[in-house]
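Here's a quick walk through one protein chain, written for someone who likes to check things against the coordinates. Have the viewer open as you read.

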Amino acid sequence: MLKAYKYSIYPNKEQRGSLAHHFGCARWVYNWALAKTKAYYEQENKHLSRRFLQDCLVALKKTEDHAWLGDVNSQSLLSSLFHLHQAYQNFFKKRVRMPKFKKKHNRQTYACPQHVTLDQTNQRLHLPKIKNINIRLHRSFEGKIKTVTLTKTPSGKYYTSILTESNATHPALAPVKKEKTIGIDLGLNHFAITSQGEKIASPKFLKKSLKRLGINQKIRTRKDYKNKSTNYKKQCIKVAKTHERVANRRYDFIQQYTARLVCESQATSFAVEDLHVKGMIKNRKLARSIADSSWGTFLRVLSYKSKWHGKNVLTIGRFVASSKTCHACGHKEKVMPLQVREWDCVCGLSHDRDINASKVIKKQAIADALGLSVCIKSSFTAKSVSADGVTRG
Ligand SMILES: [Zn+2]
């Protein structure tokens with residue numbers, strides 16, 4: 001079982017300099033390899049192999065002009081090539097867009113795949129070439145250290161993510177049972193509505209912070225951008241801090257809610273809609289609210305947490321008309337405008353729009369998962385969301 005743990009680190013001035021050098025070299029190697037791959041592709045219509053790039057890098061380090069690459073941990077530079085390789089693999093599988101060049105002002109990272117030790121009693125992290133970094137181990141971790149990734153955020157904070165491997169295995173998945181399944185409808189008015197009738201209010205952190213962000217961004221436009229003045233840079237950090245604060249609070253909310261769902265409830269299965277969140281974000285009007293409620297992150301966290309606890313996540317296709325269909329009799333209304341929050345079915349039942357939708361999701365997911373007679377017409381089938389069991393972010 002692989003698990004990742006994230007900790008804050010507090011490097012001193014000298015260590016920060018060394019870290020900056022590592023970030024810079026890792027980014028340089030990534031961009032160099034990407035440029036080389038792109039150029040080769042334009043000429044030959046073929047991609048360069050990782051092995052070939054690796055040999056080029058070794059040769060490059062021996063030249064006088066690039067001797068500075070020798071000052072950093074060589075394993076970290078090879079990791080950059082591995083990350084580019086992964087980015088291309090994801091691109092070939094149509095999971096993501098074409099890899100892009102890394103920028104100096106975005107989040108900086110580099111990985112140490114070997115030779116990292118952790119002194120848990122003195123709270124010190126020892127990396128290759130950088131020893132004795134102050135680390136705050138706010139929680140203990142299990143397993144053997146596999147890879148350690150260092151990150152610097154645009155606002156200047158440092159983190160380390162420790163990927164560990166242990167012999168523990170995921171518990172066997174519990175059988176899908178109707179009475180132990182919770183249907184979850186993700187919405188905009190509420191973050192989530194469950195088939196048990198619970199409504200979780202939407203945490204509109206971004207909306208609240210937008211005003212602050214707008215003011216900070218406006219002040220930034222008045223600063224000297226051309227010469228990248230000190231005041232301009234200071235203002236950039238303020239903007240970055242606001243963004244990071246929103247992201248942290250949002251992630252925290254999702255962690256707490258999923259923990260409550262998975263660890264504290266008796267349910268063994270969760271039925272959700274496959275939202276294609278990315279596709280929906282293209283719709284400008286809804287975009288901000290959707291990104292704000294971050295359904296994608298919710299589904300990812302719910303999936304890996306469920307896997308840890310031997311619980312199922314059942315997803316159904318997004319085109320099931322969950323809002324328009326009666327969960328009890330299966331009758332489907334022709335139209336259901338967004339403003340209609342309550343409606344009466346021909347069978348005599350009165351429905352709360354969202355609670356009914358979550359019940360429909362539950363019914364459909366169970367029918368698909370158990371292979372029962374399909375009560376609601378759909379060409380989609382339930383499938384378990386793949387979870388890698390690794391926390392990120
Ligand atoms: Zn009905």
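What follows goes from the whole chain to one sheet, the helix packed on it, and a single buried residue.

Keep in mind that this is a predicted model. The chain has 393 residues, and 41% of them are buried. Its secondary structure adds up to nine helices and 15 strands. Take the contacts with a separation of 6 or more: 67% of them link residues 24 or more positions apart. As for the outside, the accessible surface is about 22800 Å², and carbon and sulfur atoms hold 51% of that.

Now for the sheet. Seven strands form an open sheet in the order 2-6-7-1-5-4-3, and the pairing is antiparallel. At the edges sit strand 2 (108-112) and strand 3 (117-119), each pairing on one side only. Neighbouring strands in this sheet are turned by 35° against each other on average, direction ignored. Helix 1 packs on the sheet and touches strand 1, strand 2, strand 4, strand 5, strand 6 (144-152) and strand 7. The direction of helix 1 makes about 90° with that of strand 2.

Here are some of the strand pairs, with their bridge counts:

| Strand | Partner strand | Bridges |
|---|---|---|
| strand 1 (residues 2-10) | strand 7 (residues 158-165) | seven, antiparallel |
| strand 1 | strand 5 (residues 130-136) | three, antiparallel |
| strand 3 | strand 4 (residues 124-127) | three, antiparallel |

If you want residues to click on, Lys 6 has Ser 161 in strand 7 as its bridge partner. Tyr 10 has Asn 134 in strand 5 as its bridge partner, and Asp 119 stands opposite Arg 124 in strand 4.

Back to helix 1, which covers residues 13-44. Its 32 residues reach 46 Å from first C-alpha to last, close to the 46 Å expected at 1.5 Å a residue. The N-terminal end of helix 1 is capped by Asn 12, with a side-chain oxygen 3.2 Å from the backbone nitrogen of Glu 14. Just after helix 1 comes Asn 45, with a positive phi near 60°.

Last stop: is Asp 354 buried or exposed? Asp 354 counts as buried because its relative accessibility is 11%, and the cut-off for buried is under 20%. Asp 354 is found in helix 9 (residues 353-370). Neighbours within four places in sequence aside, its contacts are Asp 185, Ile 193 and Arg 341. With Arg 341 there is also a side-chain to side-chain polar contact of 2.8 Å.

Terms used: Residues are numbered from 1 along each chain as its sequence is written. This is a predicted model: local features need pLDDT of at least 70, side-chain atom pairs count only at pLDDT 80 or more; totals for chains, interfaces and linings use all residues. Side-chain values use heavy atoms; hydrogens and water are left out. Helices (H or I, at least four residues) and strands (E, at least two) are DSSP runs, numbered from the N terminus. Buried means under 20% relative accessible area, exposed over 50%, partly exposed in between (1.4 Å probe, protein chains only). A polar contact is a pair of N or O atoms within 3.5 Å; within protein, one must be able to donate a hydrogen and the other to accept it, and residues adjacent in sequence count only if both atoms are side-chain atoms. Contact means heavy atoms within 4.5 Å. Two strands pair if DSSP finds at least two bridges between them. Accessible areas come from the Shrake-Rupley method with a 1.4 Å probe; for residues, only the protein chains shown count as cover. The expected span of a helix is 1.5 Å times one less than its number of residues. Axes are lines fitted to C-alpha atoms, for helices over the stretch in contact, and angles run from 0 to 180 degrees between N-to-C directions.
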